[in-house]
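Here's a quick tour of one model, with a few backbone oddities, a helix pair and the core. Have the coordinates open as you read.

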Amino acid sequence: MKYGLNIREDGALDFVALGALVNRLDPGIIPFRKATECQIHVSGGEFNVAANLADCFRLQTGIASAMVDYPIGELIAERVRAMGVRPFYKRFAHNGVTGPNMATVYSDRGQGARAPVVFYNRCNEAAAQLKPGDFDWKQILAGGARWFHSGGIFAALSPTTSDVILEGMKAAKAAGAVISFDLNFREKLWKISGGQDRAVETLRRIVQHVDVLVGNEEDLQKGLGIAGPEVAAKSKLDPSAFFAMINQVVKQHPQVKIVATTLREVHSTNRHSWGAVAWVNGKTFVAPTCELDVLDRVGGGDGFAAGFIYGLLKGESEEEALKLGWAHGALLTTFPGDTTMATLEQVRDFAKGGSARIQR
């Protein structure tokens, strides 16, 4: 047992994610009200971690999600294959007019003093219609799975998605997998599905089954109803306020062995100071701080989660696992889109203190 976790040595899948797949329309630095063209990125808070672990970290990963049989679904499915993630789909037929649909996220990148703006079209979303019984977990987990992951974005989509998460977590736990959950509190999503009270009730129910929790101070406060710390953080990079909340988290959920998050001080849209912290089975760890020149900030937290989970699956020291997450999250902000374009060698080099000097 390491980190307080029983991590399987083997399994047909190193990592299984459960969540919604979306397409993100990105007009770059142009705000949507003036946009004339967009890039299309395939994303999803839960999928991004699986994609990063497959493409950069070379692990065997899968995604359980909804898929609609129409051209946008085909586009998304093609990108899932391209990232090397094995799909387990509950399929829906599109009626040609109103759906059900694959959700669309609209997100410009902002620039300088102008912040990025994110809004959604999740009307009649197929993933929100998922319910217990839609996935054959015995078949998905048949060859063994080492890690199972879901998140608060999927939990917020409808009254049934949290039940699907619980069903998946229980099946994965019975199959010997470690269970992780990214709180990913999204005000806009919870606002239309019961507000913060429902968020706390739903997420607390889920986190009872979780071994590894990803979430920052706001996620813990708004998602789990943890009171704000008495310790005042000196800056966004000061981990004291985050660590001050951990005792309350563990008191509420004593089975949680790891809580981790990124730390980010935003100086401008394109200039961030970046760090990360982890509480692992009673010990605290703090990654270095670096200055980021940000191209696209979306997905940085999922990048961190992927690198951190990779380190844990590989049995690295707690400090090294945290650095791998920190390094990969940092690199991810230098690419367009929500998923990785980094290599494992680049991540390890950056984690060791590598620089941006040209490689010849």
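Where is the place of Asn281? Asn281 sits in the loop between β12 (271–280) and β13 (283–286). Keep in mind that this is a predicted model.

Why look at that spot? Phi of Asn281 is near 50 degrees, a positive value in a residue other than glycine. Most residues other than glycine have a negative phi. Asn124 also has a positive phi, near 50 degrees, and it is found in the loop between β7 (118–121) and α3 (137–140). Here are the two asparagines side by side:

| Residue | Phi | Relative accessible area | Exposure |
|---|---|---|---|
| Asn124 | near 50 degrees | 32% | partly exposed |
| Asn281 | near 50 degrees | 43% | partly exposed |

There's a peptide-bond quirk to check too. The bond from Gly99 to Pro100 is cis, with omega near 5 degrees, and Pro100 lies in the loop between β5 (85–93) and β6 (103–107). Most peptide bonds are trans.

Now for the helices. The axes of α7 (residues 195–207) and α8 (residues 217–224) come within 7 Å and cross at roughly 100 degrees, so α7 is roughly perpendicular to α8. On the α7 side, the contact is made by Gln196, Ala199, Val200, Leu203, Arg204 and Val207, while α8 brings Gln221, Lys222, Gly223 and Leu224. By class, that contact has five nonpolar, three polar and two charged residues.

Last stop, the interior. The largest nonpolar core has 117 residues, and those with the most contacts inside it are Trp147, Phe181 and Leu213. Helix α10 (residues 300–313) gives the most to this core, with eight residues.

Methods: Residues numbered from 1 in each chain as written. Predicted model: local features only at pLDDT ≥ 70, side-chain atom pairs only at ≥ 80, totals over all residues. Heavy atoms only, no water. Axes fitted to C-alpha atoms, helices over the stretch in contact; angles between N-to-C directions. Helix = DSSP H or I, 4+ residues; strand = E, 2+ residues; numbered from the N terminus. Parallel < 35°, antiparallel > 145°, perpendicular 65-115°, else oblique. Contact = heavy atoms within 4.5 Å. Nonpolar A, V, L, I, M, F, W, Y, C, P; charged D, E, K, R; others polar. Core = buried A, V, L, I, M, F, W, Y, C linked by side-chain atoms within 4.5 Å. Buried < 20%, exposed > 50% of the residue type's maximum accessible area, 1.4 Å probe, protein only.
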